[in-house]
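Here is a short briefing to read with the model open beside you. The topics run from the ligand site to a few helices and loops.

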Amino acid sequence: MNNNSFFVTTPIYYVNDSPHIGHAYTSIACDVIARFNRLNGKKTMFLTGTDEHGLKIEQAAKKKNMDTKKFVDQMSLDFKKLTKILNLSNDFFVRTTETYHKKASQHIWKILKKNNEIYLDKYKGWYSISDEAYFNDDEITTDEKTKKKIAPSGNEVQWVEEESYFFKLSKWQDKLLDFYKKNPNFIGPDSRRNEVISFVKNGLNDLSISRTTFSWGVEVPDDKKHVMYVWLDALINYLSAIGYPDKKYKKFWPADVHIVGKDIIRFHAIYWPAFLLAAGIEPPKRIFAHGWWTNEGKKISKSLGNVIDPNEIIKEYGLDTLRFFLLREVPFGNDGDFSKNSLQRRINNDLANDLGNLVQRVLTIVDKNLDGKLNKIKKIRKNDKKIYDYPKEILKKIEINYEKQEFHKVIETIWKLISEANKYVDENAPWQLLKDDKERAGDVLNILVLIIAKIAIFLAPIMPNISENILNKIGLSIKKLSMKDISGDNFLNIDYKIEKPEIIFQKIE
Ligand code: MSP
């Protein structure tokens, strides 16, 4: 693996349903990570896509009276559209019904078979179609009213008895525990890591990895009666999408981080490394599980009719605002509540008051009084030092925050810079200086424009459009900038005539 490469993935989304805020959340987080790494000089691969096999999908197609392939083609398009709507910078969109993916899955199956990691037996136990997951007896409860058997996820389970291939998961228990120990950053946040470790310590059963009672899946090599368990096929997307089994996959493998929701951590942190170790492939470097959103305090569910459509929020409040809100409001890893009140509060305070105000007032003064022209900074005084050096000082910290997926801390740190810049404006009162000492006024304003440019570079991964908009106002574009420019100042185009900006963030009453 090339040291200068970076590979980040979203889970691949089930196509039984339309995209909602949960999907948007994971995707936006990954996009921010990808954009940051690109700006930071890494050859970056950002992967997303759709998970199109399994009983759940087959049933969803039947319900609509559609041919399954036609159904998945149509639904997958909705998720592809979402990548555009969210302005995702994904480099590829993987679909598990594509031939390259099926081939990669079968290739892994054959290796597992050859390595004696698979055997044929009979599965007897509980299965939840909604979760596409098997459950042990002791995990199942009975709903008092309906008498239905329920998985810990709250979804109904059914009793399954059929011939099935098994993966020898039980034999990997100690090796997995050893792997977690040797790779303390493998699972984040720490609470999830502990949860996974204690689950594994409790013992692992061999895992059923094929089904015979339906056919919508990847055919098991040399046994046409069976299709692969959808999770085995799904996880392999992370390899098939980068060219596996061709050696070229090594350009990006092992993945730097798989971002997933907390509901699917076990598949990624237990099954996935076990499959890979058993096939002789290096596991990914990190799995990070984020929390779940509720809507105005209530669990989001189709039956409650309170599913949040990202399109509607974007239409009402704007895309970059939504991107900012989702990552600012809740520490990544925690659960969060989506409410229009808190979204509006963020827009009014963080965006309009702090960021909007800074950009607006500085650029307006330059436009009005200096005819939009900047000069080279003549002299950095002692009391300029703090703000002048601030961006460089926080860069390392922000890099570390990104490594740990601590987006809220990244944003907090950028906002400290914004607040320092606003303080600098107040303390130096450039409108007054323009009357008393024009040269000094020029320096103060030049420093401020430089700081605004750097704030825009810091914001580019999170709010790409707003950032570009600000940069354009000062004759710059992110296309020609990188995180390296945070430490310098010769990227400013002093021949550029600064324009008075239109209002960037409108306050909401
Ligand atoms: N197909 C599997 C993933 C396979 S990856 C090899 C899957 N798909 S999903 O469409 O059901 O879910 C995708 C992601 O959306 C999950 O990470 C899940 O946690 C996330 N979310 C779904 N609802 C959510 C919220 N209400 N809040 C935040 N994220 C949520 O699982």
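A polar contact here is a pair of N or O atoms within 3.5 Å. With that cut-off in mind, a backbone N or O atom of I12 lies 2.8 Å from a nitrogen atom of the ligand. Please keep in mind that this is a predicted model.

**Around the ligand**

- Two side chains also come within polar contact of the ligand: a polar side-chain atom of D51 sits 2.7 Å from a ligand nitrogen atom, and an N or O atom in the side chain of H23 is 3.3 Å from a ligand oxygen atom.
- On its own, the ligand has 670 Å² of accessible area, and the protein covers 94% of that.
- The elements giving two or more residues to the shell are β2 (13-14), α1 (21-39), α7 (230-235), α8 (237-240) and β14 (257-261).
- Which element gives the largest share of the shell? That is α7, with three residues.
- In total, 22 residues surround the ligand, and the closest are I12, D51, G261, D263 and W293.
- By residue type, the shell divides into 12 nonpolar, eight polar and two charged residues.

**Helix α9, residues 265-279**

- Does the length of this helix fit or miss the expected span? At 1.5 Å a residue, its 15 residues should span 21 Å, and the end C-alpha atoms are 21 Å apart, so the two agree.
- The helix α9 does bend, by about 30 degrees at Y271, and a proline, P273, follows within four residues.
- Is α9 largely enclosed or left open? Of its 15 residues, 13 are buried, so α9 is largely enclosed by the rest of the structure.
- Just after α9 comes G280, whose phi is positive, near 75 degrees.

**Two cis peptide bonds to proline**

- The peptide bond from G188 to P189 is cis, with omega near -10 degrees. You will find P189 in the loop between β10 (187-188) and α6 (190-201).
- W253 and P254 are also joined by a cis peptide bond, with omega about 0 degrees. In this case P254 belongs to the loop between α8 and β14.

**Positive phi in residues other than glycine**

- D371 has a positive phi, near 55 degrees, although D371 is not a glycine. This residue is placed in the loop between α12 (340-369) and α13 (382-403).
- Q405, likewise a residue other than glycine, has a positive phi near 60 degrees. Its place is the loop between α13 and α14.
- Is Q405 buried or exposed? Its relative accessible area is 3%, so Q405 is buried, given that buried means under 20%.

**Two more residues to look up**

- N422 is part of helix α14 (residues 407-428). Its relative accessibility is 11%, so N422 counts as buried.
- What does the side chain of N422 contact? The side chain of N422 makes a polar contact with the side chain of R361, at 3.1 Å.
- P221 is in the loop between β12 (210-211) and β13 (227-228), and P221 is buried, with a relative accessible area of 14%.
- If you would like a pair to locate on screen, try P221 and D337: they are 116 residues apart in sequence and 45 Å apart in space, C-alpha to C-alpha.

Conventions
Residues are numbered from 1 along each chain as its sequence is written. This is a predicted model: local features need pLDDT of at least 70, side-chain atom pairs count only at pLDDT 80 or more; totals for chains, interfaces and linings use all residues. Side-chain values use heavy atoms; hydrogens and water are left out. A residue is near a molecule or strand if one of its heavy atoms lies within 4 Å of it. A polar contact is a pair of N or O atoms within 3.5 Å; within protein, one must be able to donate a hydrogen and the other to accept it, and residues adjacent in sequence count only if both atoms are side-chain atoms. Accessible areas come from the Shrake-Rupley method with a 1.4 Å probe; for residues, only the protein chains shown count as cover. Ala, Val, Leu, Ile, Met, Phe, Trp, Tyr, Cys and Pro count as nonpolar, Asp, Glu, Lys and Arg as charged, and the others, Gly among them, as polar. The expected span of a helix is 1.5 Å times one less than its number of residues. The bend at a residue is the angle between axes fitted to the seven residues ending there and the seven starting there. Buried means under 20% relative accessible area, exposed over 50%, partly exposed in between (1.4 Å probe, protein chains only).
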